[in-house]
Amino acid sequence: MHIPDGFLNVATVATGYAVSAGGIGYAVKEANKNLKEKQVPLMGVLAAFIFAAQMLNFPIAGGTSGHLIGATLAAILLGPWAAVLIMSCVLIAQCLIFQDGGLLALGVNILNMGIVAPFCGYYIYKLTALVLGDSRKGRLIGGFVGAWASVLLAALACAIELGVSGVSPWGVVLPAMTGVHALIGLGEGLITTAALSVVLATRADLWQPLKAVKRSEI
């Protein structure tokens, strides 16, 4: 899902940087206001875990492979704005150190995996868990569904950006991106659920309280 340089037109690159810069700036403000002191070390631990976990690929059908994004996991444990900061740090480090994704495309990559993925995953997790009940089972199923949906919707955003840039016809890029990432999302959901299960068993105090989703939050 890391878009390299040369695939996006100027308007898409500029829009990606503008939205991502605004999102990161607001995330810093929200994190300073709401993040508790004991959660700061967890941000570092999650960033290191996600950075390392994204290096490990798992096989998908047809010779393709996928890896964990980790945005929903971070959002569930620390909230979506803190997840924006974690994912942005991971994506910037991957781009500058390993050239994973282009420098010009960095804004769009942060938009897809650092903003779209954590917010979609987090609110789908909350809605699913609230429907199923605030229980261990409900939260884990919500985590799986949120993680799977976060990959699918981030891939959909990526396909739209590639389509708008004229890289490939809509009829090719949309099914290609969403089809493969619907399968990759299953791996994301399983890894996220396993990680949440461990956290719930050992440090349940790290979980965010499951409050009702306000209409203004949607």
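**Helix crossings in a predicted model**

Biologist: In this predicted model, how are H2 and H4 set to each other?

Modeller: Helix H2 (residues 40-53) and helix H4 (residues 80-98) pack at an angle of about 45°. Angles under 35 degrees count as roughly parallel and those of 65 to 115 as roughly perpendicular. H2 and H4 are therefore oblique to each other.

Biologist: Which hand does the crossing of H2 and H4 have?

Modeller: The axes of H2 and H4 lie 10 Å apart. The hand assigned to the crossing of these two helices is right-handed.

Biologist: Into which classes do the residues of the contact of H2 with H4 divide?

Modeller: H2 supplies Met43, Leu46, Ala47, Ile50 and Phe51 to the contact. From H4 come Ala82, Leu85, Ile86, Met87, Val90, Ala93, Gln94 and Phe98. Gln counts as polar. The division is 12 nonpolar, 1 polar and no charged.

Biologist: How is H1 set to H5, parallel or oblique?

Modeller: The axes of helix H1 (residues 10-34) and helix H5 (residues 106-132) come within 7 Å and cross at roughly 50°. That crossing angle makes the setting of H1 to H5 oblique.

Biologist: In which hand does H1 pass H5, and how do the residues of their contact divide?

Modeller: H1 passes H5 in a left-handed crossing. On H1 the contact is made by Thr12, Val13, Gly16, Tyr17, Val19, Ser20, Gly23 and Ile24, and on H5 by Leu106, Gly107, Val108, Ile110, Leu111 and Ile115. Gly counts as polar. The answer is thus a left-handed crossing, with residues divided into 9 nonpolar, 5 polar and no charged.

Methods
Residues numbered from 1 in each chain as written. Predicted model: local features only at pLDDT ≥ 70, side-chain atom pairs only at ≥ 80, totals over all residues. Heavy atoms only, no water. Axes fitted to C-alpha atoms, helices over the stretch in contact; angles between N-to-C directions. Helix = DSSP H or I, 4+ residues; strand = E, 2+ residues; numbered from the N terminus. Parallel < 35°, antiparallel > 145°, perpendicular 65-115°, else oblique. Left-handed = near helix turned anticlockwise from the far one by under 90°. Contact = heavy atoms within 4.5 Å.
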